[in-house]
Amino acid sequence: MVLYKRKPIVLPNPGVLPRNLDISVWHIDETGEWFFTYEEYLNRLDFYTKHNFTCEITGTSCLTFFQALDSEETQFRYVEDKFPLKLREPVARFLHFNEIRRLDALVEKVYAKFKNDFFPGEIVYLRKARDSNSGVTSTTSSKQNTPQPAEHVTLEQPQSQRPYVIKEKVQFNASIDPVTKDEIVPGHSKYMLAEDESLSGGAMYSKKLFVADQSQIYRDRSTFTKHLIKCFFKITLHRASSKMGAPWCVKPEYLKMYGLTMDWPASLAAFKDDEPVITRNDKNEKKIEGIVPEETIDSIDKSNLSTISMTDQHPKRNNDLMDGELPEESNGSSQKKPKNAQERNEGEEETNPEPTPDVASHLVITSIVNDMEIPYTGRPPIYVSDFSFYNEKLEGIPVCIEKSPSKKIIPNFERLLQVYQFVSTFNTTLMLSNFSFDELVTSFKCTDAVELKGETVHVSLNNVEKEDIDDKEDSSWQRNPKVRQMIKEKNVLDQKLSYKIVLDDPASDEVLDNINGNGSGLLIEIFSALLSLFIDENGEWSVIIFDEWTTTYSDTRVYDCKTEDLYLDNSIEHNGYRGQRAENEDSAQNGEDPPSTNREPDIVGNNNFQRENEEDNDLKIEEGSAAAKLDQEDVDMKENVEDDEQFDDLLNYCLNYRNVSWAERLTKRQFNNGMWVITLLGVFQDSIVIPKYSKFIHSFSKKIVPNEINANQLPKQLWRNFCRNLTLDEKITSLWILVEVVANFSPAIKNSIEESMELCMQIRSERFRVSRLLKTEMNILASMEKDNESPEYLQQKSKTDSLQCDKNILDKKLMENDYQRLKALGHDRYANRYFWLDLTGIPNCEFSENETRYNMGRLWVQGPSTYNAKKFLSITDEELEKWKQISREKGNAAATKEVFDIYRTESGSYNLIDRANSTEIELLSAEGESNKLISLTPIQRKILDETPDCLLLDSNKWYYVEKFDHLKSVIEWFDTWGRKEHDLLRQFKSVINGMEDTFLIRNNCLNLFAEDPKELKLLNELNATDLTDEDFVALDLNDELGNVSSREKTDESTLEDIESKLDDIAEQIMKLDDSSKTRNVLQELEDLEKAKDDLLKQKQQVLNTQGNGTKMMARGELKRRRTLCRNKISTRAQVLTYLLNYRHFRNMENVISWKNKLAITIFGNEIRKNAFTSKKKYDNIRVQSVEEKLKDIIDQTSKMTHSGTSTVE
């Protein structure tokens, strides 16, 4: 049977015939399948013609289905024609429940056992007699050993070249001396032979019978070979059970033919599959796990039975099968329908309704199916929204931190990953010490003058002292989101203070030039290491670009008047420049102007018509305007040519700075003081012949070559232009181009790959020996009684554990030394690809508290490619392109709502806009419950799970997981019954332990999810700067020292109140004096006089407190409190600034402390500091050979394989 992914492929059952049989269909003869539409036929045929199939008999892989099927049929006919028929049953009996596990060992065993053992009915030949005493023994000469009837005696001598048929077989036991117990005559067999009837013409046997022993006869060599035996095995045998170590047994279809049964021997009963678990439900009815009960099937609407059975009659299921999604499991036991359902469908036309949610919820999946066939159960608690990503400023921020605005990602981010993976894999070839991906990102950012200074937090009183910062815009950076969010919350909650985050002033030229103290040294070291591979120390070119990659330099000239991107063909002549292209100038100077890109096509296309119709005035005007445009273009062209000639002179001066060519500087390894930029320019000019890089190289050169060159400061000018004029994406691209050229054309990289392949082959061979010995020792351990106190058992267990440890060491070393191209771990249900970049070619460390070395430390998730998005999510090219365009302009949420009509409401639910009926349908509630009445499409399920804001629908977008708990949650969310996620989980299983160690090491080094002691100290200092209400009262003034204190203002208010009261009392006394003097009036006058005296005393006390000394003391106290409050505000701003920049500056310190210890050890200095191989610090240091590397690896094991190999073999 043909194999697909190492499993037998099961062809789908024929579809239900339609009512009208007089229709044309497309038919595949080899499989018997037929299709209504040509598209289905082509999809299925495309699946069969992919080289993904294997011939089960020969084991040949990478075949199409038809090739594998033809190979199996050929081999089957070959076995039927050649392999002796009478030999098959004895061989099958010997193989049935044979305990030899390895197939090649079993072939050798059968060949040795049956080579000299023959059976009645076989065709054999006689061997030629070697001497006079040899030959066959007739019945007359062997009467003593084998008595024969007298009438069968023949006097004719048998012929050695004539075929004979074995008529009878007699076996003799060995003859043993009863005294010495020695074997006198070994056991043997004798055979009665007769001539083949087909050659003897049907004559009587009476005169042609004779006897021969097993040493005198043989089979035809073509009928009994190891290849035939192996093919017979493949056809006849299979594993008796699914358990590891299960014996071989004859397939069920051949048991009756060879008279065998499936009665297990007692010694092999442990390998027998467990019986299905039978339970009883509440009605005491038997039910087997994994099988849909019959009553459940009867309770479901029979019109939907075809959808429940998961057969291939469903068009969508057929498409999944055509795409190669597990065809061998698409037709399981679940395809069988009840009889009544089949009768119901006989008279109906073929209908393929989508499964309703109610029916889908009753599905019991018993085999691995397509991921989208699994019913949707709701949104996962943790998924893409908990991932992070790098934006255009290489800031690692959570995906969900910014909901509404568009998330700008850095273009071509995969180039940065490719650069790091290449440099980390070939670090020994490049003479670079290990460094992490975080250090590489930080080193890139350290080439930005603004990044070197960071951000500043301004804190001020509301409506006071804002004039000096109002002209600065708020910072758009998003790093350190936790502190940034804290500052935003304080700005909202604190009504009296305002907080503003702005960018600090760019770093000065002196800071940029100090590469050893600003963190850019790592990046320059990488550039220098890659440049060193182009020319060796002898001046010989190592990187030779093939002609197939290049075009003539004149072909790269493109004129675009709109974008002003000019690719000129002027040759750069300088000493040591390998790519002399002076010969191309002839083709460039032929006087032909290239066509302009902004000429109107209607004018150009109608020139002939204009010439024939010169009387038409409108056309003449258009012709005149076109000519004017062409004249203007010629003028612009001449100006551009003049500018380019001037630029070529500047570039030529840079490449030959101080009359030393860039190639000579590269030979002498002059990288210090910015000289590496000159070398980089020269290498780029040499690589500009590659069309893939020509546009970027020209733009790169334009940006870093200064318009006004200072002869004494040129290298520094180039370096400063590199830092200030190039974006992060352009800096990454410049490094990526070097990696691309070196990876394709460097012989040093090629030799490293070849050595890696050879070393890995040796490690795999050693690992195979360890695995074989480990399996033997584990079988011995399993056969022993599990008595933990037994010395033999403990010794055997210790030996097994030691071998397992050796195997783990070899697995780790194989991973570290394998330089093969990195492959994705797999895809999830939505076609997102998962990458673990620490998988191959990079040494990994186990977690410990003191371990600080890690490489990547995160899992990468890439969005689906265009092909996969169309294939698995069922979206069109127009929808995908429209979504990407809107996403770049307005954000993911707006693009998802406009293209796929799904958005998130304010309440938290997800609604689908039905534009036809102008209504909205709730797909997912705010509590996470899905609408059971709606059958979701693949893209709708992806949107609900990933949310519209975080939708991953672009292969240029890369998210990453940096928290191991999030990774475990994602793995738990994967469904093992889905084909893609089943394979993905299998890949995760082999690397999950190493991933956990790497995650923990990175978290321990960077404190990603908690504050380190320095941050905690800063937070305490921040809390100590909190201002009280009294502080705000002291600061609530209009000028700094000239205003009256709050106490003085209180006294003035008191005096005013006293004067007002005295005036009222005086007025009342005057009124009472004019009135008659009664007893009541006199008493009232007395009370008023008393109140007047009290107020006068209070007035005098207030006046006494307003002396000069008191005023000076009050003002001094006010000034002190005001200064203290302002210091608190200033300290608060400084602490917040340091908190905001702390993690970035800490990463900068880590990069600054990085040293290229490998280059220092070998050369005595780092590469960027003019390291030269003739200045080797130690002469005895040399590159290890493959044998030496293998010896070092073997020394790390227990070396038990060497002592145990002979016992296994």
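This is a stop-by-stop tour of the structure, with selections to make along the way.

**Before you start**

The model is predicted; local features need pLDDT of at least 70, side-chain atom pairs count only at pLDDT 80 or more, and totals for chains, interfaces and linings use all residues. Numbering starts from 1 along each chain as its sequence is written, and side-chain values use heavy atoms, with hydrogens and water left out.

**Whole chain**

Show the cartoon. The protein has 45 helices and 27 strands. Both are DSSP runs numbered from the N terminus: helices are H or I with at least four residues, strands are E with at least two. Of the 1209 residues, 44% count as buried. Buried means under 20% relative accessible area, exposed means over 50%, and partly exposed lies in between (1.4 Å probe, protein chains only). Take the contacts between residues at least 6 apart in sequence: 69% of them join residues at least 24 apart. A contact here means heavy atoms within 4.5 Å.

**Stop 1: the five-stranded sheet**

Select S11, S10, S7, S6 and S12. They form an open sheet of five strands in the order S11-S10-S7-S6-S12, with antiparallel pairing. Two strands pair if DSSP finds at least two bridges between them. Strands of a sheet pair through backbone hydrogen bonds, either parallel or antiparallel. The edges are S11 (209-213) and S12, each pairing on one side only.

Now go to S7 (residues 164-172) and S6 (residues 123-126). These two pair antiparallel over two bridges. Pick Ile-123 and you find Val-165 of S7 opposite. On to S10 (residues 188-195), which pairs with S7 in the antiparallel sense over eight bridges. Gln-171 stands opposite Ser-189 in S10. Then S12 (residues 217-218): two bridges join this strand to S6, and the two run antiparallel. Leu-126 has Ile-217 of S12 as its bridge partner.

Stay on S6 and show side chains. Which residues of S6 point to the buried face? Val-124 and Leu-126 do, while Ile-123 and Tyr-125 point to the other face and are not buried.

**Stop 2: beside S6**

Select Glu-122 and Arg-219. They form a salt bridge, with the closest N and O atoms 2.5 Å apart. A salt bridge is a side-chain nitrogen of Lys or Arg within 4 Å of a carboxyl oxygen of Asp or Glu. Glu-122 is in the loop between H4 and S6, Arg-219 in the loop between S12 and H6, 97 residues apart. Both residues are buried.

Next, add Lys-86, in helix H3 (residues 85-95). Neighbours within four places in sequence aside, Lys-86 contacts Phe-119, Pro-120, Gly-121 and Glu-122. Check the backbone too: the C-alpha atoms of Lys-86 and Phe-118 are separated by 9.0 Å, though the two are 32 residues apart along the chain. Lys-86 is partly exposed, at 46% relative accessibility.

**Stop 3: more salt bridges**

Side chains of opposite charge can pair when their charged atoms come close. The whole structure holds 49 salt bridges.

Select Lys-226 and Glu-108. Their side chains meet in a salt bridge (2.9 Å, N to O). Lys-226 belongs to helix H6 (residues 226-236) and Glu-108 to helix H4 (residues 103-114), 118 residues apart. Lys-226 is partly exposed at 37% relative accessible area. Glu-108 is also partly exposed, at 40%.

Jump to Glu-395 and Arg-479, a salt bridge at 3.1 Å, N to O. Glu-395 lies in the loop between S17 (388-390) and S18 (396-398), and Arg-479 in the loop between S19 (455-461) and H17 (481-493), so the pair ties together parts 84 residues apart in sequence. Buried or exposed? Glu-395 is buried, at 1% relative accessibility. Arg-479 is buried as well, at 7%.

Now select Asp-438, Arg-858, Glu-962 and Arg-1002. A network of salt bridges links them.

**Stop 4: H33 and H34**

Finish with H33 (residues 877-890) and H34 (residues 892-900). Their axes come within 7 Å and cross at roughly 145 degrees. Axes are lines fitted to C-alpha atoms, for helices over the stretch in contact; angles run from 0 to 180 degrees between N-to-C directions. The H33 residues in contact include Trp-883 and Ile-886; those of H34 include Val-899 and Phe-900.
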